[in-house]
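Colleague: I am new to this structure and would like a close look at one part of it, namely the salt bridges. Could you take me through them slowly?

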Amino acid sequence: MRNRKAKMRSVFSFLLVCSLLVPMQARAAETVMREKTFQTDENSEEVFAQQSGIADLVEEDGKTYELQDVSYEVLEKKYLGNVEKVTDSEVMAEGTAYEPPKTLREGNLTYTLKKTEKQERSIEGEYTQPVSAFDEYDHPVGAGDVPQTKTVSVLNQKTGQNQDVVCTFSGISTAGTAVRENQITITFQEYDASVYEWNGNLLPRNDEVPPLAGYESQLLESVGAAEGSQVTGLSWVGEPYEAEGVLYRDAVATVQQVVTLYRADYHGQIHEAEQKGVVYRNTYEAPDPQGEIQYTVKATAEYTQMSDPRIAYLLTGAGIAIFIGAVVLILILLSRKKQKD
C-alpha cells in the first residue's frame, strides 16, 4: 500500500516538472550586448534615452534580437565655454629671463596658460630740463666779441645733483642800465704857480683840494661821460713831482656814471633719454562653469533572441497537455483506490 502511494507521488512530481519545464524551454533565449557612445548637453536618463540612438531590434548571424534593457554611464563632463584671466609681469629690463606660471588657482577655477606676449613699457620717461646763462657787459658788444659757448653748473632737478652743462651763444640783448664808479685823472702843470689854466679857465691855487669845484660839467664833457653822470669827489693824488724842470701834480675826480648793460645770452639743456623695458602679458583660460556643458555618455544595451511564436505556442500547449494528463492520471488512480477500498 505504501509503495503504491510512493509511486503515485513520484509519477505526479515527474509530470508536474515536465509540464513546467516545457514553457521554460520556450522562454530561454540567447543574449547579446551592444555599446554606443554619444554626446548630449543634459544629464538625465530621459534625455539619454532620446539621444542615444539605441535600436529596439538588432540582427546578428541571421538572428533577430529584441531590446530588453539599457544602462547609461557618463564618461566625461566637458565645459564648452571658457573664461579668461590676464596678468602682467613687473616691468623689467630687456633680456631679463622670465618664466610665467603654467596654472593659476582662483576660487574653484584652475586657469591654464594659453599664451604669453611681450610688450614694451617705459621704465623711466624722457627728461628735459632747460638751462640758460649769460655774461653781462657795461659796454656795447657784438656776436664776434663774446665766447660762443659757456659752461655752467646747475642743479639737476631730477637727480638732485649738480651737473655741468655746455650752453651755446644765442644772441645779444640789452639789460637796462647800471651806475658805475670811475675816476678821471687831471694833471696840473706848473703846480707852484699861484693860478692854473685848465680848459680855458683860470683856477686859483689850492693845496687842499683841486680847484675844480663848479667846473664838474666841463670835466665830464671833456672825457665824454654819458648823460646822467656826476662828479662825486675831487682829491690830489700823491705829492708834486718835477719833470724837465717843470713841477706837476695829479688830481683825481671820482665819477658815478650811468651805463647801458649788454648781455650775451646762452641756452642749453639737461636731457636724459627714455629708459625702456618690457612687460610679459599672460593670458590664462579656465572652463566656464556657468556656460554650456557637454556630457559624453556610454549606453549599454542588452538584447535577447526572438523565438518563433508557433514553436512557443506548441511548447506551451504541450506543457498544458502534460499537466492535464497528470491531473487525469491522478484522478484515475484515486478512483481505482476508492473502488478497492
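Modeller: Please keep in mind that this is a predicted model. A good place to begin is Glu73, which is partly exposed, with a relative accessible area of 41%. Its side chain meets that of Lys298 in a salt bridge, at 3.7 Å from N to O. Because Glu73 lies in strand β3 (residues 63-79) and Lys298 in strand β15 (residues 293-305), this pair ties together parts that are 225 residues apart in sequence. Lys298 is likewise partly exposed, at a relative accessible area of 22%, and Glu35 joins Glu73 and Lys298 in a network of salt bridges.

Another pair is formed by Lys118 and Glu94, whose closest N and O atoms are 3.0 Å apart. Here Lys118 belongs to strand β6 (residues 109-124), while Glu94 sits in the loop between β4 (82-88) and β5 (103-106), so the salt bridge connects parts that are 24 residues apart in sequence. Lys118 is partly exposed, with a relative accessible area of 48%, whereas Glu94, at 53% relative accessibility, counts as exposed.

Strand β6 also takes part in a further contact, in which the side chains of Glu285 and Lys114 meet in a salt bridge of 3.1 Å, N to O. Since Glu285 lies in strand β14 (residues 275-287) and Lys114 in strand β6, the two tie together parts that are 171 residues apart in sequence. Glu285 is partly exposed, its relative accessible area being 22%. These pairs are among the 18 salt bridges that the structure holds.

Key. Residues are numbered from 1 along each chain as its sequence is written. This is a predicted model: local features need pLDDT of at least 70, side-chain atom pairs count only at pLDDT 80 or more; totals for chains, interfaces and linings use all residues. Side-chain values use heavy atoms; hydrogens and water are left out. A salt bridge is a side-chain nitrogen of Lys or Arg within 4 Å of a carboxyl oxygen of Asp or Glu. Helices (H or I, at least four residues) and strands (E, at least two) are DSSP runs, numbered from the N terminus. Buried means under 20% relative accessible area, exposed over 50%, partly exposed in between (1.4 Å probe, protein chains only).
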